[in-house]
Amino acid sequence: MAKSDQSAVISTVIALGGGQGKTLTTYMLGLKSSMLGFQTLVIDADPQKNLTDLLRVSIEATEPSLLEVLQADVSSENAFYPVPERENLFIIPADRALIKGQQYLAQVGNSAAVLKTRLKPLLSVFDLIVIDTPPQKSHLCLTAIGASNHAIITAEVAAKGINSLEETRELIEECRSLEAFSGDLVGVLPFRARWTGNFPTVDTRTNMELMKDKVNELLLPPLLESEVYKQALNYASTPSEINVEKADLEHPFDVLLHRMVPGAPKPPSEK
Amino acid sequence: MTKQGRQQKISASEMFAQRKAQSVNPRSDKLSDSVTSQSALPEDSSINSDVNQSKGDPALSLQSLQHELDALPKVTNFQLRFEDDLKGEVKDFAREQGVTPETLLQGLWTVIQKDHPDLMSKAIDEARIHKGRRSKAAELKNSITRLSKLLESL
């Protein structure tokens, strides 16, 4: 399905802490967006290359990756690949050599502007571009933020996640004050919320209330901790593809897509 | 999702299919990067000797290199999807032999066609078994998607 005339929505998923759900969020937004028929590009901007691995994409050391795009060795048009068995979904992959992108961006000086410039040839090709970032306040993270018109913060529903949420919000505001980011913070996605039966655990409820105090209406429906997600990742699938009864687990991503992508369906009322 | 009446731009699939394959200098994450552009060149002294012979004339050197390149087979992208276990085996084996998975497959294809055509029918039988498994998986995925959409509409 070819793209409409509108320019691509570019979202970056950020958290200044490891294990906060960034890669899972990027993965799910990519899959769900492509399943809705949107031309979707995900970008792995983390040298840990977890997103590339989850989507079962493998490139040779001599094939273009995000590193070469950043360094302007290749155009972004020559560095994306189809995701296996996924119509409408493509990836600019990474491998561990992407760490050298840090050095390059540091030398350039205005790292926040680099990826934005490199993605221009793709703005008329894709409906949605989602970028997975490394969990550090690094030049790779800054260049992803600078390229985006939407930011999504993911944060584990725990003390570690709340600290990460604070630091990440400060980073976005810092980028905004330096005019490196002029987009919207679309939402804060609570990650690994724990439920027993129909109710959150005490810890989850306490931490969700703390998050709500900090971000108010930006707080999205939580992502529940579930073995189904682990199974889904093992099969490069979504929870609903593994078990149709688990479609509810994907609700936060339906909400995000509706907020970001023109034409994305409105999900059922938030649970 | 498109709006009626708007002109359609090129799709990502079309862009991917139409683009020319591009190679880059081999990447490495080693701290002391010993990979240089020279190591990406095939082991062929004629390339170096061409360069040496036409040292005084860069244009001549470029021309002779271009002729040599034009004589070699063109390489294009060929996306393959493998079963996980087999992919690991092929990659490991290729790496141990100092070749790439793609060149290993090219070698196998050439040898079977040329020297062991008797093995071809066995290979095709094996391929049909693998294809059957994939078709089954695709059917199951389609059924699951259709059924879940039906349940949503109820």
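The following exercises, each with a worked solution, concern a predicted model with chains A and B.

**Exercise 1. The make-up of the chains**

Establish how many helices and strands chain A has and how many chain B has, and then set out the burial, contacts and surface of each chain.

Solution. Begin with the secondary structure: chain A has 11 helices and nine strands, while chain B has six helices and zero strands, so that its pattern along the sequence reads α-α-α-α-α-α. Next take burial, for which the cut-off is a relative accessible area under 20%: of the 271 residues of chain A, 59% count as buried, and of the 154 residues in chain B, buried residues make up 12%. Then turn to contacts between residues at least 6 apart in sequence, of which 77% in chain A join residues at least 24 apart, and 33% in chain B do so. Finally, the accessible surface of chain A comes to about 10,700 Å², with 48% belonging to carbon and sulfur atoms, and that of chain B to about 12,800 Å², with 57% belonging to those elements.

**Exercise 2. A covered helix**

Determine which residues of helix H6 (residues 139–147) of chain A are buried and what covers them.

Solution. Helix H6 of chain A is mostly covered, since seven of its nine residues are buried. These are A:Leu140, A:Cys141, A:Thr143, A:Ala144, A:Ile145, A:Gly146 and A:Ala147. Their cover includes two strands of chain A, S1 (9–14) and S5 (128–132), together with helices H3 (66–70), H4 (99–108), H5 (111–118) and H7 (159–177) of that chain.

**Exercise 3. The nonpolar cores**

Identify the residues that touch the most other members of the largest nonpolar core, and trace the contacts of A:Leu55.

Solution. The largest nonpolar core has 70 residues, and within it A:Leu55 and A:Phe80 touch the most other members. Once residues up to four places away in sequence are set aside, A:Leu55 touches A:Tyr27, A:Leu31, A:Val42, A:Val83, A:Pro84, A:Leu89 and A:Ile91. Apart from this core lies another, of 21 residues, among them A:Leu16, A:Ile145, A:Cys175 and A:Met208. In soluble globular proteins, nonpolar side chains tend to be buried together.

**Exercise 4. Two loop residues**

Decide whether A:Arg86 is buried or exposed, and decide the same for B:Phe78.

Solution. A:Arg86 belongs to the loop between strand S3 (81–82) and strand S4 (89–92) of chain A. Because its relative accessible area is 12%, which is under the 20% cut-off, A:Arg86 is buried. Beyond its neighbours within four places in sequence, A:Arg86 is in contact with A:Leu31, A:Met35, A:Ala236, A:Ser237, A:Thr238 and A:Glu241. B:Phe78 lies in the loop between helix H3 (58–71) and helix H4 (84–97) of chain B. Because its relative accessibility is 67%, and the cut-off is over 50%, B:Phe78 counts as exposed. A distance of 9.0 Å separates the C-alpha atoms of B:Phe78 and B:Glu102, which are 24 residues apart along the chain.

**Exercise 5. The second largest pocket**

Describe the volume of the second largest pocket and the residues that line it.

Solution. The second largest pocket holds about 440 Å³ of space. Its lining consists of 22 residues, of which A:Gly19, A:Gly21, A:Leu24, A:Phe191 and A:Arg192 lie nearest the centre. Helix H1 (22–35), helix H2 (50–54) and helix H9 (227–234) of chain A are the elements that give two or more residues to this lining. Sorted by class, the lining has eight nonpolar, nine polar and five charged residues.

Technical notes: Residues are numbered from 1 along each chain as its sequence is written. Chains are lettered from A and ligands numbered from 1 in the order in which they are written. This is a predicted model: local features need pLDDT of at least 70, side-chain atom pairs count only at pLDDT 80 or more; totals for chains, interfaces and linings use all residues. Side-chain values use heavy atoms; hydrogens and water are left out. On a 1 Å grid over the protein atoms alone, a cavity is a set of points where a 1.4 Å probe fits but cannot get out, and a pocket is an open set with protein on both sides within 12 Å along at least five of seven lines; lining residues have an atom within 4 Å of a point. Grid points are joined across faces, edges and corners, and a volume is the space filled by probe spheres set on the points. Helices (H or I, at least four residues) and strands (E, at least two) are DSSP runs, numbered from the N terminus. Ala, Val, Leu, Ile, Met, Phe, Trp, Tyr, Cys and Pro count as nonpolar, Asp, Glu, Lys and Arg as charged, and the others, Gly among them, as polar. Buried means under 20% relative accessible area, exposed over 50%, partly exposed in between (1.4 Å probe, protein chains only). A nonpolar core is a set of buried Ala, Val, Leu, Ile, Met, Phe, Trp, Tyr and Cys residues joined through side-chain atoms within 4.5 Å. Contact means heavy atoms within 4.5 Å. Accessible areas come from the Shrake-Rupley method with a 1.4 Å probe; for residues, only the protein chains shown count as cover.
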